[in-house]
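Reader: I have a model open and would like the reasoning behind its labels. Please take them one at a time.

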Amino acid sequence: MELMGLANALYNLGTTVVNDLSKDKDKPGVGKQVGVRVNDVINHLSTIDEMAQHCTTMIPMQLLMDIDNSRNPMQLTRDRLERAATENQFMNAKINAIDSYRKHLEEALSQNFPDLEPILRPEQAPQLDGHKDAASA
């Protein structure tokens with residue numbers, strides 16, 4: 001709420017300055033409102049500074065720089081989420097490719113080197129009597 005008040009005070013200061021510049025500068029007795037508006041802005045800044053001393057929320061510096069550069073934080077958040085989702089899909093594809101390669105490699109090694117099958121597939125090792133257990137199948 002205090003930030004909204006500051007934004008409003010800054011807007012009022014800006015409009016007052018523009019209005020005062022457009023009026024006749026040399027008219028005597030015309031009270032300027034600029035000083036009052038500046039004091040209002042200073043009061044809001046002072047209140048925000050006092051509130052900041054008690055705030056423990058950490059704000060990423062990149063976010064503040066993006067706001068200073070007139071970038072919309074919601075747009076940036078959406079872009080970063082989309083980028084993370086894209087990178088996640090890419091990484092999942094890599095993991096699936098590696099798993100597929102591992103399976104094909106194990107099959108090829110098992111076919112060409114049957115003695116390695118118990119090492120490659122310990123969960124499918126043959127039983128002593130030569131039959132597979134129904135629970136492991």
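Author: This is a predicted model. Of its 137 residues, 9% count as buried.

Reader: What makes a residue count as buried here?

Author: A residue is called buried because its relative accessible area is under 20%. In this protein, 9% of the 137 residues meet that condition. The protein exposes about 11,800 Å², and carbon and sulfur atoms supply 59% of this area.

Reader: How many helices and strands are there?

Author: The protein has 5 helices and 0 strands, so a run of at least four residues in DSSP state H or I was found for each helix. From the N terminus on, the order is α-α-α-α-α.

Reader: Which helix has the lowest mean pLDDT, and which the highest?

Author: Helix H5 (residues 117-120) has the lowest mean among the elements, 81, and helix H4 (residues 73-112) the highest, 93. The protein as a whole averages 82, with 80% of the residues scoring at least 70. Over residues 130-137, pLDDT stays under 50, and the model has 2 contacts for them beyond four places in sequence.

Reader: Which residues line the largest pocket?

Author: The lining consists of Glu 2, Leu 3, Ile 48, Met 51, Ala 52, Cys 55, Thr 57, Ile 59 and Leu 64. Helix H1 (2-22) and helix H2 (34-52) each give two or more of these residues, and H2 has the largest share, 3 residues. The space in this pocket is about 290 Å³.

Reader: How many of the lining residues are nonpolar, polar and charged?

Author: There are 7 nonpolar, 1 polar and 1 charged residues in the lining. Glu counts as charged, and Cys, Met, Ala, Leu and Ile count as nonpolar.

Terms used:
Residues numbered from 1 in each chain as written. Predicted model: local features only at pLDDT ≥ 70, side-chain atom pairs only at ≥ 80, totals over all residues. Heavy atoms only, no water. 1 Å grid on protein atoms, 1.4 Å probe; cavity = no way out; pocket = protein on both sides within 12 Å on 5 of 7 lines; lining within 4 Å. Points joined across faces, edges and corners; volume = space filled by probe spheres on them. pLDDT = per-residue confidence, 0-100. Contact = heavy atoms within 4.5 Å. Buried < 20%, exposed > 50% of the residue type's maximum accessible area, 1.4 Å probe, protein only. Areas by Shrake-Rupley, 256 points an atom, 1.4 Å probe, with all protein chains shown as cover.
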